[in-house]
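Please go through the pockets and the surface of the model below.

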Amino acid sequence: YGDDRASIWAVVDEEDYQWALQWLWSPKWSRGGRKVYLRRVVSEGPRHARRQTTVYLHQAVIVRAGVVPPSPAHTIVDHRYGDGLDCRRGSLRYATPSMNAKNINGCYGHDLIEDVECAL
């Protein structure tokens with residue numbers, strides 16, 4: 001769940017469910033406010049020089065699954081179907097920035113290795 005009222009939640013695979021429950025996740029809306037993702041803040045380093053980093057659920061799941069980007073250009077974890085709260089392993093993939101930009105509405109419902117024009 002991403003809030004105290006249980007009105008925002010992500011879908012994960014069974015093997016990731018207990019793992020994800022270890023932390024409190026909070027919602028983060030995209031710049032345009034159309035999509036929402038779950039994230040948590042991690043504090044690192046000694047107390048006097050502590051740094052905070054943000055861990056997104058979808059990024060943590062794909063790393064946990066052991067998925068390797070197909071090339072150095074594939075730097076973004078993309079939601080195949082456009083739903084930022086669908087964090088099942090089969091819904092996530094690495095994408096290039098241009099692939100990710102074209103997939104803003106989830107128009108790519110299949111595996112992509114190369115850029116393909118999105119049929120709208």
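Ala, Val, Leu, Ile, Met, Phe, Trp, Tyr, Cys and Pro are classed as nonpolar, Asp, Glu, Lys and Arg as charged, and the others, Gly among them, as polar. The model is predicted: local features need pLDDT of at least 70, side-chain atom pairs count only at pLDDT 80 or more, and totals for chains, interfaces and linings use all residues. Numbering runs from 1 along each chain as its sequence is written, and side-chain values use heavy atoms, without hydrogens or water.

A pocket is an open set of points, on a 1 Å grid over the protein atoms alone, where a 1.4 Å probe fits, with protein on both sides within 12 Å along at least five of seven lines; its lining residues have an atom within 4 Å of a point. The largest pocket has a volume (the space filled by probe spheres set on the points) of about 620 Å³. It is lined by 21 residues, and Ser30, Arg31, Lys35, Tyr37 and Asn100 are the closest to its centre. By class, this lining holds seven nonpolar, nine polar and five charged residues.

The second largest pocket has a volume of about 370 Å³. Among its 15 lining residues, Tyr1, Gly2, Leu21, Trp25 and Leu38 are the closest to the centre. Its lining comprises 12 nonpolar, one polar and two charged residues.

Tyr1 counts as exposed (over 50% relative accessible area, 1.4 Å probe, protein chains only) because its relative accessibility is 61%.

Terms used:
Buried means under 20% relative accessible area, exposed over 50%, partly exposed in between (1.4 Å probe, protein chains only).
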